[in-house]
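Have your viewer ready and keep the selection box handy. This tour goes stop by stop, telling you what to select next and what you will find there.

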Amino acid sequence: MLRELKTFIAVTRHGTFAAAGMHIGLTQSAVSAQIRQLEQALGVPLFDRTGRQATLNAAGLRALPLAREILETFNRMAVPVDANEYRGELKVGAITTAQTGLLPQALVRLRQAAPTVECKLVPGVSLELLSRVDAGELDSAIIIRPPFDLPKELHVQVLRKEPFALIVPHTLAGDDPLQLLATQPHVRYDRASFGGRLVSRFLKEHKLDVQVALELDELEAIVKMVECGLGVSLIPQAGLWLERSPNVRIIPLGSRTFYREIILLSRYSQRHLPVPQLFTRCLFADANL
């Protein structure tokens with residue numbers, strides 16, 4: 001009956017039998033058959049079927065949290081007691097700064113704790129990685145917290161908060177961040193990215209109409225552009241550029257400081273599986289977390 005419970009949860013998440021089938025690799029008729037078997041076993045219908053939509057009825061609403069609890073309990077039964085019992089593949093997505101910051105030591109610890117686990121690192125931007133975790137293509141991902149509510153099936157753990165600051169060419173005079181933003185060309189953190197949206201909100205709140213010289217989503221490249229004198233930029237204090245002493249001045253925002261949150265994202269149904277759970281422990285073993 002575990003298979004039927006997984007299918008039931010997929011239907012509640014995707015809204016139709018056809019959409020659920022696409023995400024879990026079943027035909028619509030196979031999904032329908034599994035839901036019918038589950039309803040027969042429970043003795044109650046779980047959905048109000050209107051057209052193509054499958055809407056939970058009162059019994060379905062009661063059953064959903066219990067179904068999740070049953071699956072999570074089952075997953076916890078498989079936790080190994082010995083390192084050699086950890087098997088399989090772990091697919092982790094990560095934004096660029098996490099690949100060179102949070103991940104290396106965590107992956108060393110994972111390798112030491114579970115040498116037979118094969119880890120695959122998938123690079124990407126936050127929105128892409130979020131979608132891939134949501135679709136079940138990744139076990140977890142380290143991303144920037146999005147500026148919108150996440151689906152309730154996704155589990156969030158905050159890893160760190162990174163303050164934004166204004167960086168300017170070393171030869172540029174002045175220490176008022178708002179004045180510099182208003183008068184200097186701006187190397188803009190891509191406004192389509194989650195971090196860039198935080199910058200857009202800051203500029204809007206302070207009624208700043210900046211002159212954009214360039215827009216991009218790579219922090220190291222942004223710092224290089226500022227070093228070369230292309231303009232100033234609002235970016236988080238994160239990444240390898242902080243380690244190499246770049247030829248820029250970092251101007252704090254003081255009371256106006258805002259932050260991006262770096263989170264570990266996973267599916268609730270996966271977070272108690274042995275290997276993802278071990279990876280989470282290795283990640284949080286860092287003294288800075």
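Start on the outside of helix α6: the face turned away from its buried side carries Arg 111 and Gln 112, both exposed. One thing to keep in mind as you click along is that this is a predicted model.

Now turn to the other side of the helix. Select α6, residues 103-113, and pick out Leu 103, Ala 106 and Leu 110, which are buried. Look down the helix axis: the buried residues of α6 fall within an arc of 65°, so they line one face of the helix. What covers them? Among the covering elements are β3 (89-94), α5 (96-100), β4 (118-123), β5 and α11 (274-284).

Next, zoom out and colour by domain. The domain assignment gives domain 1 as 1-77, domain 2 as 86-159 + 261-285, and domain 3 as 161-260. Place a centroid on the C-alpha atoms of domain 1 and another on those of domain 2, and you will find 26 Å between these centres. How many residues of domain 1 are in contact with domain 2? Six residues of domain 1 are, and they meet 11 residues of domain 2.

Stay with the start of the chain and select residues 1-57. In UniProt, an unreviewed entry annotates this span as "domain: HTH lysR-type". The span is 63% helix and 14% strand, and the C-alpha atoms at its two ends lie 20 Å apart.

Residue 57 deserves a click of its own. Asn 57 is in the loop between β2 (53-56) and α4 (58-76). Is Asn 57 buried or exposed? Its relative accessibility is 12%, and under 20% counts as buried, so Asn 57 is buried. Leaving aside residues up to four places away in sequence, Asn 57 touches Pro 45, Leu 46, Phe 47 and Asp 48.

Now for the rings: show the aromatic side chains. The structure holds six aromatic pairs. Select Phe 148 and Phe 194 to see one edge-to-face pair: the ring centres are 5.6 Å apart and the planes stand at 85°, which is over 60 degrees and therefore edge-to-face. Phe 148 lies in the loop between β5 (140-144) and β6 (154-169), while Phe 194 belongs to helix α9 (residues 194-205), so the pair ties together parts that are 46 residues apart in sequence. Try colouring the two by accessibility. Phe 148 counts as partly exposed at 36% relative accessibility, whereas Phe 194, at 3%, counts as buried.

For another aromatic stop, select Phe 164, Tyr 189, Phe 202 and Phe 258, which form one cluster. Then add Lys 161 and Tyr 259 to the view: Lys 161 lies over the face of Tyr 259, at 4.8 Å from the ring centre.

Finish with two backbone checks. Lys 207 is in the loop between α9 and β8 (211-216). Its phi is near 55°, a positive value in a residue other than glycine. With a relative accessibility of 75%, Lys 207 counts as exposed.

The last selection is Ser 245, in the loop between β9 (233-236) and β10 (248-251). Ser 245 is not a glycine either, yet it has a positive phi of about 50°. At 63% relative accessibility, Ser 245 counts as exposed.

Technical notes
Residues are numbered from 1 along each chain as its sequence is written. This is a predicted model: local features need pLDDT of at least 70, side-chain atom pairs count only at pLDDT 80 or more; totals for chains, interfaces and linings use all residues. Side-chain values use heavy atoms; hydrogens and water are left out. Rings of Phe, Tyr and Trp (its six-membered ring) pair if their centres lie within 6.5 Å; planes under 30 degrees apart count as stacked, over 60 as edge-to-face and the rest as tilted. Helices (H or I, at least four residues) and strands (E, at least two) are DSSP runs, numbered from the N terminus. Buried means under 20% relative accessible area, exposed over 50%, partly exposed in between (1.4 Å probe, protein chains only). A charge sits over a ring if NZ of Lys or CZ of Arg is within 6 Å of the ring centre and within 35 degrees of the ring normal. UniProt positions are given in the numbering used here, feature names are shortened, and annotations may be inferred rather than shown by experiment. The arc is that of the directions from the helix axis to the C-beta atoms. Contact means heavy atoms within 4.5 Å. Domain bounds come from an automatic or database domain assignment.
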